[in-house]
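Subject: The structure we talked about

Hello,

Here is the structure to look at before we next meet. Please open it first, then read my notes below.

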Amino acid sequence: TEDDDPVAIAIYRTVEQGLQNALKHARARHARLRLAMGEGSQVRLELITDGQLLAADWQPGLGATVIDTWVDAVGGSWSLRPGDPDGAVLTATFGR
């Protein structure tokens, strides 16, 4: 609806896509989500998943494009890096 918060929607869709990618590509069994308020209206998200380690030669695909679209729509940024010792860590900052 018109009253929906675009940042809240972007956060929801980013987590949704991140979990879907972790299940599909890394066969993750566990995930941990951290949300924190930053300066002003910024929100920081960290999605940590287990499963197969993110490959060093990882190339963005459709899922990354979806995440990029949602995060960019609210003036945010995001990154994906290998987890320790396995899986991946998706970090995103939303808001201006």
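A helix here is a DSSP run of H or I of at least four residues, and helices are numbered from the N terminus. Keep in mind that this is a predicted model.

Start with the helix α1. It covers residues 6-26, and Gln17 lies in it. Is its length right for 21 residues? What span should we expect at 1.5 Å a residue? The answer is 30 Å, and the end C-alpha atoms of α1 are 29 Å apart, which agrees.

Now look at the two ends. At the N-terminal end, Asp5 acts as a cap on α1. One of the side-chain oxygens of Asp5 lies 3.0 Å from the backbone nitrogen of Val7. Just after α1 comes Arg27, with a positive phi of about 55°.

Next, the sheet. In what order do the 4 strands lie? The order is β1-β2-β4-β3, the sheet is open, and the pairing is antiparallel. The edges are β1 (31-37) and β3 (77-82). Each has a single partner strand, so one side of each is left without a neighbour in the sheet. From one strand to the next, the twist averages 10°.

Take one pair of strands. β2 (residues 43-49) and β4 (residues 88-94) are joined over 7 bridges, in the antiparallel sense. In one of these strands, β4, Phe94 is the bridge partner of Val43. Helix α1 packs on the sheet and touches β1, β2 and β4. The direction of α1 makes about 10° with that of β2. The helix α2 (residues 62-73) lies across β3 and β4, and runs at about 145° to β3.

Which residues of α1 are buried? Among them are Val7, Ala10, Ile11 and Val15. The buried residues of α1 pack against β1, β2, α2 and β4.

Two polar residues of α1 deserve a look.

- Gln17: buried or exposed? Its relative accessible area is 13%, and buried means under 20%, so Gln17 is buried. Beyond its sequence neighbours up to four places away, Gln17 touches Gly63, Val66 and Ile67.
- Thr14: this residue is also in helix α1. At 1% relative accessibility, Thr14 counts as buried. Outside four places in sequence, Thr14 is in contact with Ile67, Trp70, Val71, Leu90 and Phe94. The side chain of Thr14 reaches the backbone oxygen of Ala10 at 2.7 Å.

There is a case in the sheet, too. Glu46 lies in strand β2. At 12% relative accessibility, Glu46 counts as buried. Leaving out residues up to four places away, its contacts include Arg32, Arg34 and Arg81. Leu33, Val89, Leu90 and Thr91 are touched by Glu46 as well.

Last, the core. In soluble globular proteins, nonpolar side chains tend to be buried together. Here the largest nonpolar core has 13 residues. Which of them touch the most other members? They are Ile11, Leu45, Leu90, Ala92 and Phe94. The elements giving two or more residues to this core are α1, β2, α2 and β4. The largest share, 4 residues, comes from α1. Look at Leu45 in particular: among its contacts more than four places away in sequence are Ile11, Val15, Leu90, Ala92 and Phe94.

Best wishes

Conventions:
Residues numbered from 1 in each chain as written. Predicted model: local features only at pLDDT ≥ 70, side-chain atom pairs only at ≥ 80, totals over all residues. Heavy atoms only, no water. Buried < 20%, exposed > 50% of the residue type's maximum accessible area, 1.4 Å probe, protein only. Contact = heavy atoms within 4.5 Å. Pairing = 2+ DSSP bridges. Axes fitted to C-alpha atoms, helices over the stretch in contact; angles between N-to-C directions. Expected span 1.5 Å × (residues − 1). Polar contact = N/O pair within 3.5 Å; in protein donor to acceptor, adjacent residues only side chain to side chain. Core = buried A, V, L, I, M, F, W, Y, C linked by side-chain atoms within 4.5 Å.
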